[in-house]
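Q: Please take a close look at how the inside of this protein is packed. Start with one helix pair and work outwards from there.

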Amino acid sequence: MSIEQSTCSNELVESSDRLRAIMSELRAKDSVSVAELAVAHAVSEMTIRRDLDELAQQGVVRRIRGGAISLLLRGEEPPFGIREREATDIKRRIAAEVATLLADGEAVLLDGGTTTLEVARAIRDRRLTVLPLSLQSADELATAPRIRLVLPGGEVRPGELNFSGPLTETSIRSLRFDTAIIGCCGLSAEHGLTAHDLSDVAVKRAAIDSTRRVIVATDSGKFTRTAFGAVCPLDRLDIVITDTAIPPNEHDALTAAGVTVRTV
């Protein structure tokens, strides 16, 4: 990697970290100041304005003079474009581990989300039948030479570009899969697997009911969150692949429920 490429990569990482920090502050107090953020992150006010403009384009904030007001709703997940930039290295490691668990020839249901999009990228060269539940993953696999691509139909959620609704559920329930690779918004011993969008909850349930094996691919940050809709308890899962920062009590709860936990 050239010095220029390395510098650009470092800037992207710093920007992603800063955006996550700004979003955390917005959740805590609903509004932020350009001047205060510039001091807190040791960057120029111009840099902070660019960050806030990017968040405004994603629908996260409304810009006001000297700062921004949060538009984040407690019952909704952050926009896909923001989540895609979070924990990217961890998501790639999780995706690579998922790929090792798939045998050539399997019929695989691939859930929507940023981690499962990395899974799509990791399995492009495999010989599999794949039904992806997002347009992003479908686009990623459309030119994969040995992937048999099957699309579910249904409505497409704006922003997320996930398939959802009765048509999607019906098409899933009419098929049988060897493995379903599921993403989540939250996962805990107390509440099980959860998701923000209720139509997504219904689709995930259909996916779990239609497969022999359920693999959950999620970064450890999801173990501190519980989303609005309950998908299933822990004992409906077979394997959870996450990173090494998984809380020990959650790791123990998963294994006690008979779930295999793999950390990367």
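**Helix packing and cores**

A: The crossing of α5 and α6 is right-handed; that is, the near helix is turned clockwise from the far one by less than a right angle, whereas anticlockwise would be left-handed. This is a predicted model: local features need pLDDT of at least 70, side-chain atom pairs count only at pLDDT 80 or more, and totals for chains, interfaces and linings use all residues. Residues are numbered from 1 along each chain as its sequence is written, and side-chain values use heavy atoms, leaving out hydrogens and water.

Helix α5 spans residues 88-100 and helix α6 residues 114-122. Their axes lie 8 Å apart, at an angle of about 55 degrees. Axes are lines fitted to C-alpha atoms, for helices over the stretch in contact, and angles run from 0 to 180 degrees between N-to-C directions. α5 and α6 are therefore oblique to each other. Under 35 degrees would count as roughly parallel, over 145 as roughly antiparallel and 65 to 115 as roughly perpendicular; the rest is oblique.

Which residues meet here? On α5 they include Lys 91, Ile 94, Ala 95 and Val 98; on α6 they include Thr 115, Glu 118 and Val 119. Contact means heavy atoms within 4.5 Å. Helices (H or I, at least four residues) and strands (E, at least two) are DSSP runs, numbered from the N terminus.

Ala 95 also belongs to a core of 22 residues, along with Leu 110, Ile 123 and Leu 128 among others. A nonpolar core joins buried Ala, Val, Leu, Ile, Met, Phe, Trp, Tyr and Cys residues through side-chain atoms within 4.5 Å. Buried means under 20% relative accessible area, exposed over 50%, partly exposed in between (1.4 Å probe, protein chains only).

The largest nonpolar core has 32 residues. Leu 109, Ile 182, Leu 187, Leu 193 and Val 216 have the most contacts inside it. Elements giving two or more residues include β4 (107-110), β9 (177-182) and β12 (211-217). α9 gives the most, with five.

Take Leu 109. Beyond four places in sequence, its contacts include Leu 131, Phe 177, Ile 182 and Ala 207.

Leu 187 sits in strand β10 (residues 186-188). Leu 187 is buried, with a relative accessible area of 1%. Beyond four places in sequence, its contacts include Leu 193, Val 216, Phe 223 and Leu 237. The C-alpha atoms of Leu 187 and Ser 220 are 9.1 Å apart, though 33 residues separate them along the chain.

Overall, 48% of the 264 residues count as buried.
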